[in-house]
Amino acid sequence: MRIVIAGGHGQIALRLERLLAARGDEVAGIIRRPEQGDDLRDAGAEPVLLDLESASVEEVAAALRGADAAVFAAGAGPGSGAARKDTVDKAAAVLFADAAVRAGVRRFVIVSSMGADPRHEGDEIFDVYLRAKGEADAYVSGLDALDSTVLRPGALTDDAGKGLVRLEAHTGRGPIPRDDVAAVLAELLDTPATAGLTLELVSGSTPVSVAVKSVAGN
């Protein structure tokens, strides 16, 4: 498969790029800064320089043409203000989804957050973040031209992945290594029967492939 990842220099994205490249997929990662390119090449991915906060839908669609799947893994980051939660976590996700539709890429996976909800109330930065992520999830899920899956990990850690997870519509809160998030994303890309699902993810006792097959109904 050819897979294009938005937020290609993110911590989860770099892990996912390594996994996909190692299994023989062709991977491209969208990045904002040229100096990030070497890290993507080291991970086995092709860097694509594009700013999702200023690019047009046609420019993003051009980067997506010929892809078999798209992954939105971009985020404004913990140090950003409320405005960038809206321009990155929401607007860039909407743009990337619209571009996937225009490019004819049906399979779409979005990395969201536990607690994301378009109706989330509050004015603190994290409240704005959860609302923005929820609005992005709702938009993507509402596009009939996409076979989309929403993945909502729990508290992210840099612990070594164990390959054992709990993946369900509602898991309750808990930690999850970024390694295991990437492993689940790779498996979801191979499992189009998960389209239409919104899934929460925390560490658990079920092997990744078994957990994904289970939610897919296999």
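**Exercise 1. Is Arg152 buried or exposed, judged by its relative accessibility?**

The model is predicted, so local features need pLDDT of at least 70 and side-chain atom pairs count only at pLDDT 80 or more, while totals for chains, interfaces and linings use all residues. Residues are numbered from 1 along each chain as its sequence is written, and side-chain values use heavy atoms, with hydrogens and water left out.

Step 1. Locate the residue: Arg152 belongs to strand β6, residues 147-153, where strands (E, at least two residues) are DSSP runs numbered from the N terminus, as are helices (H or I, at least four).

Step 2. Apply the cut-offs: buried means under 20% relative accessible area, exposed over 50%, and partly exposed in between, with a 1.4 Å probe and protein chains only. Arg152 has 15% relative accessibility and therefore counts as buried.

Step 3. List the surroundings: leaving aside neighbours within four places in sequence, the residues in contact with Arg152 include Ser112, Asp137 and Glu200, contact being heavy atoms within 4.5 Å. The side chain of Arg152 also reaches the backbone oxygen of Ala116 at 3.4 Å.

**Exercise 2. Describe the setting of Thr157.**

Step 1. Thr157 is found in strand β7, and its relative accessible area of 18% makes it buried.

Step 2. Not counting residues up to four places away in sequence, Thr157 touches Pro175, Ile176, Pro177 and Arg178, while its side chain reaches the backbone nitrogen of Asp159 at 3.4 Å.

**Exercise 3. Work out which strands stand at the edges of the sheet.**

Step 1. Write down the order: the open sheet of nine strands runs β3-β2-β1-β4-β5-β6-β10-β8-β11, with mixed pairing, and two strands pair if DSSP finds at least two bridges between them.

Step 2. Read off the ends: β3 (46-49) and β11 (206-207) each have a single partner strand, so one side of each is left without a neighbour in the sheet.

Step 3. Look at one pair: β4 (residues 69-72) and β5 (residues 107-111) run parallel and are joined by four bridges, and Arg107 in β5 is the bridge partner of Ala69.

**Exercise 4. Which element gives the largest share of the lining of the largest pocket?**

Step 1. List the elements that give two or more residues to this lining: α1 (11-22), β2 (26-31), α4 (82-103), α5 (125-141) and β7 (155-157).

Step 2. Choose among them: the largest share, five residues, comes from α4.

Conventions
A polar contact is a pair of N or O atoms within 3.5 Å; within protein, one must be able to donate a hydrogen and the other to accept it, and residues adjacent in sequence count only if both atoms are side-chain atoms.
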